[in-house]
Amino acid sequence: MEMEGKPQVSITLLSGGTGTPKLLLGVRELLDDKMLTIIGNTGDDDIFFGLLVSPDIDSLIYLFSNQLDLEKFWGVEDETYNTLQQLGLMKEPTWFHLGDKDLALHLTRNRLLSSGYTLTEAINEICIKLEITAKIVPMTDEPVKTTMLNEKNERLSFQEYTVKFREQIPVKAVHYEGSEKAKATKEAINAIKNANVIILGPSNPITSVGPMLALSEIKNALIKSKAKVIAVSPLDSGKAFSGPAVRLLKELGYEASSLGIANLYKDFLDVLVISSNDSKLSESIQDLGIKVICSNISLKTKTEQINLAKIILKEVGIIF
Ligand code: GDP
């Protein structure tokens, strides 16, 4: 797969807004952005002040245009919140932190959507404007909304759950509203069909990968794909690096470990990278027909991001 020192392959990643973007920081040090297609979760999308916000896609746009705030891992670096403050003065709800710079993206996307662009086309146009050469494609152009059912049987939006309630409330069920009817984008399906390699970076299996797999076309394309599918566990020793993955897995009756992750992805997964601390789970994961690689799976530092990217790209034969 190597030509004149430069690998010539198509790599497709499925991404939420935090874990896979961290891995991408390592991948970008080793490969050209042009080789990458990232299918983004849109289950977290919501409307604020009349503007569609697409948190996972937006983080990918900021990452590939080198603007991502690498401390928070969302939004633009050196952000300010003057507009939000002003909205507060006008007694508007301000629990969702829309930054001044971030607004430019939402305003542009809104203009494009209002003039008839699909979400895929609008994101593509924004990527062209920002000189992004990776392909960032939404899982669907249609509304699919991840909602959480609380103990009072009220359905909360994902943003209400994570931002307003800071993930601190019990959840009885998670729904991917609209997923039965929504069609996956042809760009996402083609990216899976044409990939030499498919990578699921570490992601919350319920709120980031779940909405994508809820689209039957995406799940079936993964099952049918002849490309090697490799994932990184988002859990180490039964703990998440960030976010509510463990809490949600337990509340929904799944095993909160790398074995639980393997079980969720076993229909299409070839290789799972798990923490060396979890090596005792290897045999049970291998029994599901999944190869296991034990490694350091922390992606905090640049060195860790590059090292894990190297392990993955070597395993799938893209670098040697
Ligand atoms: P969201 O879209 O922001 O909710 O986040 P994602 O689904 O993209 O990523 C969240 C998941 O990434 C969590 O389950 C974390 O445990 C995992 N994660 C975050 N940082 C790391 C890391 O350094 N290493 C690994 N392996 N997983 C991580």
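Trainee: Helices are DSSP runs of H or I with at least four residues, strands are DSSP runs of E with at least two, and both are numbered from the N terminus. With that settled, which helix holds Ile312?

Mentor: Ile312 lies in helix H13, which spans residues 302-315. Before we continue, note that this is a predicted model, in which local features need pLDDT of at least 70 and side-chain atom pairs count only at pLDDT 80 or more, while totals for chains, interfaces and linings use all residues. Residues are numbered from 1 along each chain as its sequence is written, and side-chain values use heavy atoms, with hydrogens and water left out.

Trainee: Is Ile312 buried or exposed?

Mentor: Ile312 counts as buried, at 2% relative accessibility. Buried means under 20% relative accessible area, exposed means over 50%, and partly exposed is in between, with a 1.4 Å probe and protein chains only.

Trainee: What does Ile312 touch?

Mentor: Leaving aside neighbours within four places in sequence, Ile312 is in contact (heavy atoms within 4.5 Å) with Leu23, Ile199, Ile230, Val232 and Val273.

Trainee: And how far is Ile312 from Pro234?

Mentor: The two are 78 residues apart in sequence, and their C-alpha atoms are 15 Å apart in space. Pro234 is one of the closest residues to the ligand.

Trainee: How many residues surround that ligand, and which are the closest?

Mentor: There are 19 around the ligand, and the closest are Gly17, Thr18, Ser208, Pro234 and Leu299. A residue is counted if one of its heavy atoms lies within 4 Å of the molecule.

Trainee: Which polar contacts does the ligand have?

Mentor: Among them are three, each a pair of N or O atoms within 3.5 Å; within protein, one atom must be able to donate a hydrogen and the other to accept it, and residues adjacent in sequence count only if both atoms are side-chain atoms. Thr18 places a polar side-chain atom 2.5 Å from a ligand oxygen atom. Lys22 has a polar side-chain atom 2.9 Å from a nitrogen atom of the ligand. Ser233 uses its backbone instead, with an N or O atom 3.0 Å from a nitrogen atom of the ligand.

Trainee: Ser233 again: which residue of the largest core touches Ser233?

Mentor: Leu272 does; the contacts of Leu272 beyond four places in sequence include Ser233, Ala231, Val232, Ile285 and Ile293. Leu272 is one of the residues that touch the most other members of the largest nonpolar core, which has 51 residues. Such a core is a set of buried Ala, Val, Leu, Ile, Met, Phe, Trp, Tyr and Cys residues joined through side-chain atoms within 4.5 Å. Apart from the largest core lies another of 47 residues, among them Met35, Val76, Ile126 and Ile312.

Trainee: Ile126 sits in H5, then. Which residues of H5 are buried?

Mentor: In H5 (residues 119-129), the buried ones are Leu119, Thr120, Ala122, Ile123, Ile126 and Cys127. They are on the same side of H5 because they cover an arc of only 165° around the axis, taken from the directions from the helix axis to the C-beta atoms.

Trainee: What covers them?

Mentor: The cover includes strand E6 (51-53), helix H2 (55-64), helix H4 (100-114), strand E7 (135-138) and helix H7 (186-193). Leu112 is in H4 and is buried, with a relative accessible area of 2%. Not counting residues up to four places away, Leu112 touches Tyr117, Ala122, Glu125 and Ile126.

Trainee: How many disulfides are there?

Mentor: The count is zero, where a disulfide is a pair of cysteine sulfur atoms within 2.5 Å. Cys127 is buried, with a relative accessible area of 3%, whereas Cys294 is partly exposed at 35%.

Trainee: New topic: which phi value does Phe73 take, and which does Asp78 take?

Mentor: Phe73 has a positive phi near 70°, and Asp78 has a positive phi of about 50°. Most residues other than glycine have a negative phi. Phe73 is in the loop between H2 and helix H3 (82-89), and Asp78 is also found between H2 and H3. Phe73 counts as buried at 7% relative accessibility, whereas Asp78 is exposed at 64%.

Trainee: What about the phi of Glu131?

Mentor: Glu131, just after H5, takes a positive phi of about 60°.
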